[in-house]
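Me: I'm new to reading protein structures. Could you walk me through this one, feature by feature?

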Amino acid sequence: MKKILMWSLVLLISISMIGAFSITGCKEEKAAATEEEVAPAEEESAEEAEETKQIAEKTEITFWYFHSGAEGEYMAALADKYNEINPNVEVRAVSIPQADYMGVKLTTAFAAEVGPDVFFMSPGDFLKYVNSGLALDLSPYFTDEIKADFLQSALDAVTVNDKIYGVPFEIELLGLYYNKDMLAAANVQPPKTWDELIEATKTLTKGEVSGLLIEPNKGYYQNFTWYPFLWQGGGDVIDAATKEGIFEGPAVENALKLWGDLVKAGAPAKITIPGTWDIGLLGQGNVAMQICGTWAIAVIEDPENGWSETNIGLVPLPIPEGGEAATDAGGWKFMVNAHSRNVDAAAKFVMWAFAENIDLPLEWCTVTKFAYSPRQSVIESGKDIYSKGLRKVFTDEIYDTAIGEPRYPSEIVSAVGDALQEVMFANADPKVAAKKANDIINEFMKSFSGSM
Amino acid sequence: MSSKCFARGKFFITKKRVGKNLFAYLMLAPDIIGLVLIFFIPMGIALYVSLNEWNGISPMNFIGLKNYATLMSDSLWWHSVGITIVYTLIFVSMVYCLSLLIAVFLNSITGKIQGFLRTVYFVPFTISTIVLSIIWLFMLDPRRGLVNKFLHIFGIPAQSFLGNPKQALFCIAFMTAWTLIGYYSIIFLAVLKDIPVIYYEAAKLDGANTFQLFKSITFPMLKEVNVFVLIVTTIASFQVFDQVKVMTSGGPAGATNVAVFYIYTNAFDYLKLGYSSALAFMLFIIMFGFSIVLLKITKGGERE
Amino acid sequence: MKGNFKNKNGQILYCVKILGGIILGCFFLIPIYMLLVSSIKPTGEVFDLRFIPKTISLSGYSLILKQNFLRYFLNSLFISTTVTIVALAFHSMAGYALARLNFVGRNVVFILILSTLMIPFSVILVPLFILVKKFGWLNTFKGIIIPAIPHAYGIFLFRQFFLTIPKELEEAATIDGCSPFGIFIRIFLPLSKPIIITLAVAFFIANWNNYMWPMIVNQSQDKWVLQVALANYIGRTGTPWDAIMAGGVITIIPIVILFFILQRYIVEGIKMSGIK
């Protein structure tokens, strides 16, 4: 038996290594080759441009999006519109399932060097691609005029070491949506403070209805919706100046404790849909209150959502005693693949879509969905829309309290998420959970050499 | 020319022997070539990657066995291995016992009804993971799910199931077993049908009761298929992933953070492809050890 | 056992068994019923989790069928059928060699083959993808079919099953002058009808429901398989849940029908008179 074991292991390892070296040998050669290619590429591109005109071949750009429904149609239409205007460019838009877009699909594609030329990036994953050199530096394309049009905070979110790596095109804010009829029937006022929120949740949790919906699943979205509560008390995860973890102290512990209390008060520990970003549960009357974002408004106003009779109201997120109002400002960014074969064409497409055009971004922010635009010109031309219906609440009461979604590396997101999970579901002491997370964060920051 | 000659290491190289070996390898050839291409070579690449630091984008950075040293002291990793082992114990016993029981039960039902019941029990096997997860999220909903409504009839308070760290792992095991029991009972059935009825009749004449019948006739005849079901379900449960990713994301509070989910997180979330490959090989070694032990105990199902 | 049927006790026992079987069946079918019922609700009601729908609407089905679903259906059908047929041929041969042929390194090869089951897919995903790209199989059906064919599961099951076939059958055939390949074709294969069909169903289902690998290899919409097409509907806003449920039902129906027809061949069993 021992002999067989030995034999098998030897054979296994040798077959594998032979295979490995034969393939990776090729890959290393390829990596070296691409580096050589980049240098003479500049000479070649001038020649190539001539050739391209002569042969009248189209420059092909692949553009991967994950949006579905109306948003997906918008993205596909973007590509069509650009192709019409620029006959020598062919933008190919491909739809990818949202759940695996960021994880498996992009990673494997980039690893095999067949990644898309243009793609979307969330603040959470932004640094991954900047630090590894995959994001194209778009600063040359941002003229002073264009830069002035953008909100400074929006540009800061995509800037690392004074270089701009993405084009922001939407700002999504969080608020507390509620079922007007349910609250009225229970004689509950829309909560303004944390204590009121806990009380309201308890009162409104009856039978099959849950009082409040907050995200129970660990991940970026849970963190995204929780950060405002951390910030309201003055807390934060990392000190911007010293780059040290400051995930400890009363602000942190209270914010963690709040979510633990909310679960005890009646917020579901598990939901039937993949994530609480879907306002459907509130609309269908399964919950009385839900923390959700600006994107929900388009769904609420859609006559075909199947629950238009529900009366939905909106208030800013409740604040703690002595705390300051705050909400999270998220939103995806448009990015260009620096290893693309057609960087220039790709960058031009990206800038055209959301940095130069006005009506396309306006359509995105006001018709296809509701979001704020990071550009003054777009906000100006859409001024009237921002006061319609529930949008008014966002515009008047929430907009000014927005803080940009942080772009922490995944390990930090995970540490914060674990602390939240433990307090919410494992009855952990917030102080202990916070300390544990902070230790992990500091441990990580020690070995982290990329930019933040 | 028996295999006994081989064991003593004496090679009788005759035309017949070479022909025999050649024939065997020819029969194996298509699959071996396929397996080498699809599994062994990527495994080799992954083994090489595990000796590097790689985020999939920048060139690899060779660091030797550092990843393996790190994983030895990675408490989160060993915790996830522990969770996986617990899951395996629950899952394998559920699937094995229940599908065997149901197979025996079905075998005793004569007539066309058996076929109808077989199909009914098999239907869960046909569902894809996404749909499976959605349906069971419905069934196990803490407030409105059918299971809680059912428990309510008996006065049992509503459970959080997938939202309760103590119950979530069991729920996933149960749900996965639910899809497989019908299928494995068919496999057991196919073998049970081969057992000649005369064996049972003779034993009954000798006065054996149901349990003794099972122990002395049924069970031994199932040797080969037992090995198959045990090994295959063990290996599969060590690699449970899809349901965890869709339903719990490793939660709540890390209760379902199984080994492959941790590997996936490291690979596609943290972009630590080198480290995750090292973790995967560690898992492989654990599974390999388990399987060798299992095979040895059951002698691979080969009759002496 | 059949003899018991004649007396009353036997009949009562039989009825009890059937009843038990049906109750057990409910345990298996109730979630399926939820799926069916959810698929005929409008999007807004899919999550009310009602046992009996408030409104019946076929909006899910009409949405699905409008969207080129036939194309994806055919793609999946083509892939699943091809893989199943080729895999069965290969695995039966390999299983036979491992079970009945004495050759150098037999145990080593068996363990090596088994070891391929122990590699988590997440970890060979990237290397395999790089390999497939090198061969130029990206965004082709080849790229989905070929990696799906070699699989130790089928080889293992065939081996275990072939081990149960009595040696006397082989010996009789050899005496009659049958070559090893002839023994394989004329004796082992016909006897393994149950296993062949079981595996055929299992392989077909696995490939029919396969999502991760086809999603990664695909780069264009016309080559989508069913599960990838369904997953594309799930987004952050405006997910048509009724369509997803309808899609789920549509993907199950062909398989259940297939199984219902085939399953009696699985359990027919071997007639031991074959020894003659």
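Me: How much area does chain A expose, and what share of it do carbon and sulfur atoms supply?

Reply: Keep in mind that this is a predicted model. Chain A exposes about 18,900 Å², and carbon and sulfur atoms supply 53% of that area.

Me: How many helices and strands are there in chain A?

Reply: Chain A has 18 helices and 13 strands. Of its 452 residues, 57% are buried. You can also look at how far apart in sequence the touching residues are. Among the contacts in chain A with a separation of 6 or more, 77% are between residues 24 or more positions apart.

Me: Let's try single residues. Is A:Asn286 buried or exposed?

Reply: Buried means under 20% relative accessible area. A:Asn286 has 9%, so it counts as buried. To find A:Asn286, go to the loop between α11 (280–283) and β9 (287–293) of chain A.

Me: Which residues does A:Asn286 touch?

Reply: Leaving out residues up to four places away in sequence, A:Asn286 touches A:Glu208, A:Val209, A:Ser210 and A:Leu281, along with B:Arg144 and C:Phe47.

Me: Now the interface. What area is buried between chain B and chain C?

Reply: For this feature, you ask how much accessible area two parts lose on being put together, summed over both. Between chain B and chain C that comes to about 8,900 Å², with 79% from carbon and sulfur atoms. In chain B, the residues that lose the most area to chain C are B:Met27, B:Asp31 and B:Phe138, together 8% of what that side buries. The contact takes 94 residues from chain B and 100 residues from chain C.

Me: How many salt bridges and polar contacts join the two chains?

Reply: Between chain B and chain C the salt bridge count is 0. The rule does find 14 residue pairs in polar contact across this interface, both residues being at pLDDT 80 or more. On the chain B side, helix α2 (residues 15–49) gives the most, with 22 residues touching chain C.

Me: What about patches? Which residues form a nonpolar patch on the surface?

Reply: Look at B:Phe150, B:Ile153, B:Phe154 and B:Ile156, which together have about 460 Å² of accessible area. Take B:Phe150 as one of them: you'll find it in helix α7 (residues 146–153) of chain B. Exposed means over 50% relative accessible area. B:Phe150 has 51%, so it counts as exposed.

Me: Next, backbone angles. Which value does phi of A:Asp162 have?

Reply: Here you check the sign of phi and whether the residue is a glycine. Phi of A:Asp162 is near 65°, a positive value in a residue other than glycine. A:Asp162 sits in the loop between β4 (159–160) and β5 (163–164) of chain A and is exposed, with a relative accessible area of 74%.

C:Asn139 has a positive phi too, about 55°, although it is not a glycine. C:Asn139 lies in the loop between α5 (121–134) and α6 (141–148) of chain C. With a relative accessible area of 17%, C:Asn139 is buried.

Me: Last one: where is there a cis peptide bond?

Reply: For this, omega is the angle to check. A cis peptide bond joins B:Gly251 and B:Pro252, with omega about -10°. You can spot B:Pro252 in the loop between α12 (242–247) and α13 (259–269) of chain B.

Terms used
Residues numbered from 1 in each chain as written. Chains lettered and ligands numbered in written order. Predicted model: local features only at pLDDT ≥ 70, side-chain atom pairs only at ≥ 80, totals over all residues. Heavy atoms only, no water. Patch = residues over 30% accessible without salt bridge, like charges linked within 9 Å, V, L, I, M, F, W, Y side chains within 5 Å. Areas by Shrake-Rupley, 256 points an atom, 1.4 Å probe, with all protein chains shown as cover. Salt bridge = Lys/Arg side-chain N within 4 Å of Asp/Glu carboxyl O. Helix = DSSP H or I, 4+ residues; strand = E, 2+ residues; numbered from the N terminus. Buried < 20%, exposed > 50% of the residue type's maximum accessible area, 1.4 Å probe, protein only. Contact = heavy atoms within 4.5 Å. Buried area = accessible area lost by both parts, 1.4 Å probe. Polar contact = N/O pair within 3.5 Å; in protein donor to acceptor, adjacent residues only side chain to side chain.
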